[in-house]
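Please open the model in your viewer and keep the selection panel at hand. The tour below moves from one selection to the next and says what is to be found at each stop.

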Amino acid sequence: MNTITTRTAIGFPERKEEWNEAPARFTEHTLRIAGHPVMEDWEANYMDKLAEIAASKGGAVLELGYGLGLSSAAIQTRGVDAHFIIECHPDVVTRSIQDLHEGIQASRVHILSGFWQDITPRLRAESFDGILFDTYPLNEEEIHGNHFWFFDEAFRLLRPGGVLTYYSDEVDRFSEKHLAKLEAAGFQRENIDFEIVSVNPPPDCEYWEANTILAPIVHKT
């Protein structure tokens, strides 16, 4: 399976705003937007691990991308003080508000609607103890690497001692390119670690076929 070929064949919007004009299609197990398989529920244990990492320092957690809400639900079970979620698609925003209404009413959860590139520059530096990044690539260049563009902002937004994690798109180790991107953003190699998470994607999954995914654990000193 070649994820680049699969996603390119589906086709990406010419403008990122067109992504929000396509309806989000939720089923019992999946989320699709503009024909793309954005998330499937076989990812649940991986999302739980990412949530565990992002919430490991307590305090305030920033999550980018809601999807099926798997990681958001897991973060909510871990007693963080504040949980901020950035989500661009209006249908998915609506779903997140429905799912997390109790936390929103209690002012523990805050939904920020828009593309992260427009929102995070307005957030104060060193505001978060944990960050979880899992947005969907919106063009061919971002396939297997949309998290790379966020590393600079992650470093700026994390408090010293904070932790970054994200959907890594790697099976069992960091590539040298990946490590170089983290270092270029300011993270030190000795503070970059990972866990390998076992997963069981179905045979017809269009974007993953390995039985493991790497869960990054990246600390800011």
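Begin by selecting strand β7 (residues 128–133) together with strand β8 (residues 158–166): the two run parallel and are joined by 5 bridges, where strands (E, at least two residues) and helices (H or I, at least four) are DSSP runs numbered from the N terminus. Within this pair, Ile 131 stands opposite Leu 164 in β8. The model is a predicted one, in which local features need pLDDT of at least 70 and side-chain atom pairs count only at pLDDT 80 or more, while totals for chains, interfaces and linings use all residues. Residues are numbered from 1 along each chain as its sequence is written, and side-chain values use heavy atoms, with hydrogens and water left out.

Next, widen the selection to the whole sheet, an open one in which 7 strands follow the order β6-β5-β4-β7-β8-β10-β9 with mixed pairing; two strands pair if DSSP finds at least two bridges between them. At the edges are β6 (109–113) and β9 (192–198), each of which pairs on one side only. Direction ignored, neighbouring strands of this sheet are turned by 15° against each other on average, the axes being lines fitted to C-alpha atoms, for helices over the stretch in contact, and angles running from 0 to 180 degrees between N-to-C directions.

Now add helix α5 (residues 90–99), which packs on the sheet and touches β5 (82–87) and β6, its direction making about 170° with that of β6; contact means heavy atoms within 4.5 Å. Which residues of α5 are buried? They are Val 92, Val 93 and Ser 96, where buried means under 20% relative accessible area, exposed over 50%, and partly exposed in between (1.4 Å probe, protein chains only). These residues lie on the same side of α5 because they cover an arc of only 105° around the axis, the arc being that of the directions from the helix axis to the C-beta atoms. Their cover includes β1 (24–26), β2, β5 and β6. Helix α9 (residues 176–185) can be shown as well, lying across β8, β9 and β10 and running at about 155° to β8.

Then centre the view on Leu 62, which lies in strand β4 (residues 60–64) and counts as buried because its relative accessibility is 0%. Leaving aside residues up to four places away in sequence, Leu 62 touches several others, including Phe 84, Phe 128 and Ile 131.
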